[in-house]
Amino acid sequence: MAENNKGILVDETQLEERVVFTNRVAKVTKGGRRFKMCALVVVGNRNGIVGVGYGKGSEMPIAIRKAIQDAKKNLFRIPMNGSTISHEIVGEFKASKVLMKPAAPGTGIIAGGPLRHLFELAGIKDILAKSLGSSNQINVTRAAEKGLRQLFDPSEIKRIRTSTRGGDTDGEKE
């Protein structure tokens, strides 16, 4: 069992890693071109805990290793409602927007590209998602991550509502 910097306790052996996107970047210098590699990786345990990481290096295995370390440092828990998310949300990052809606059991993951990897490793089995705006895979993944981080846990909302009303659960005032 290992704990990341956010306080989430996770068994490292249960985490799955998936490379979502790789790229080769060239910097032109006086002596020619210098190549660097970058990788976007999603890490999750298929049980509500997921993390997204981005790494750069001189070779692809180095970039992937750095991305995996970054993803493990940035793990977060997703409040689930059965096999789907608790409510509809729009995640935004730079020019990308991702609309995510809960779906009925048996619907499956209706999402394209990098979103599918994120939802599978998070353990979300039923969800509808649409990428709006920019189609940059890195920004789309980051937008979905921001949206999932903003989800509310239904039991937490219920606890807050009942405590602010003074324990009045049936809605009647005396």
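I began with Lys66 and found this residue in helix H1, noting for the record that the model I am reading is a predicted one.

**Entry: Lys66 and the positive patch**

I looked up the accessibility of Lys66 and, at 43% relative accessible area, I put this residue down as partly exposed, because buried would need under 20% and exposed over 50%. I then asked which residues form the positive surface patch. I listed Lys27, Arg34, Lys36, Lys56, Arg65 and Lys66 as its members. Tracing these back to the secondary structure, I saw that strand E4 (32-44) and helix H1 (60-73) each contribute at least two residues to the positive patch.

**Entry: salt bridges from strand E3**

I turned next to the charged pairs, keeping in mind that side chains of opposite charge can pair when their charged atoms come close. How many salt bridges does the structure hold? I recorded six, and I followed several of them by residue.

For Glu16 I found a salt bridge to Arg46, with 2.7 Å between the closest N and O atoms. Glu16 sits in strand E3 (residues 16-29) while Arg46 sits in the loop between E4 and strand E5 (49-57), so this pair ties together parts that lie 30 residues apart in sequence. I checked the cover on both partners: Glu16 is partly exposed at 33% relative accessibility, and Arg46 is partly exposed at 35%.

For Glu17 I found Lys72 as the partner in a salt bridge, the closest N and O atoms being 3.8 Å apart. Because Glu17 lies in strand E3 and Lys72 in helix H1, the pair ties together parts that are 55 residues apart in sequence. Glu17 has a relative accessible area of 45% and is partly exposed, and Lys72, at 22% relative accessibility, also counts as partly exposed.

For Arg18 I noted a salt bridge with Glu120, at 2.5 Å from N to O. This pair links distant parts of the chain, with Arg18 in strand E3 and Glu120 in helix H2 (residues 114-122), 102 residues apart. I looked up Glu120 as well and entered this residue as partly exposed, at 25% relative accessibility.

**Entry: the network and helix H3**

Which residues are joined into one network by salt bridges that share partners? I wrote down Arg142, Glu145 and Arg149. I then examined helix H3 (residues 137-149), whose 13 residues reach 18 Å from the first C-alpha to the last, close to the 18 Å expected at 1.5 Å a residue. Is H3 mostly covered or mostly uncovered? I found H3 mostly covered, with 10 of its 13 residues buried. Among the buried residues of H3 I listed Ile138, Val140, Ala143, Ala144 and Leu148, and also the charged-network members Arg142 and Glu145.

**Entry: Ile49 and the whole chain**

I located Ile49 in strand E5. Its relative accessible area is 4%, and I therefore entered Ile49 as buried, the cut-off being under 20%. From Ile49 I took the C-alpha to C-alpha distance to Ser163, which came to 28 Å in space for two residues 114 apart in sequence.

Last, I looked up the totals. The chain holds four helices and 12 strands, and its C-alpha trace spans about 80 × 40 × 30 Å along the principal axes. Of the 174 residues of the chain, I recorded 38% as buried.

Methods. Residues numbered from 1 in each chain as written. Predicted model: local features only at pLDDT ≥ 70, side-chain atom pairs only at ≥ 80, totals over all residues. Heavy atoms only, no water. Patch = residues over 30% accessible without salt bridge, like charges linked within 9 Å, V, L, I, M, F, W, Y side chains within 5 Å. Areas by Shrake-Rupley, 256 points an atom, 1.4 Å probe, with all protein chains shown as cover. Salt bridge = Lys/Arg side-chain N within 4 Å of Asp/Glu carboxyl O. Lys, Arg positive; Asp, Glu negative; His and termini not counted. Charge placed at Lys NZ, Arg CZ, Asp CG, Glu CD. Buried < 20%, exposed > 50% of the residue type's maximum accessible area, 1.4 Å probe, protein only. Expected span 1.5 Å × (residues − 1).
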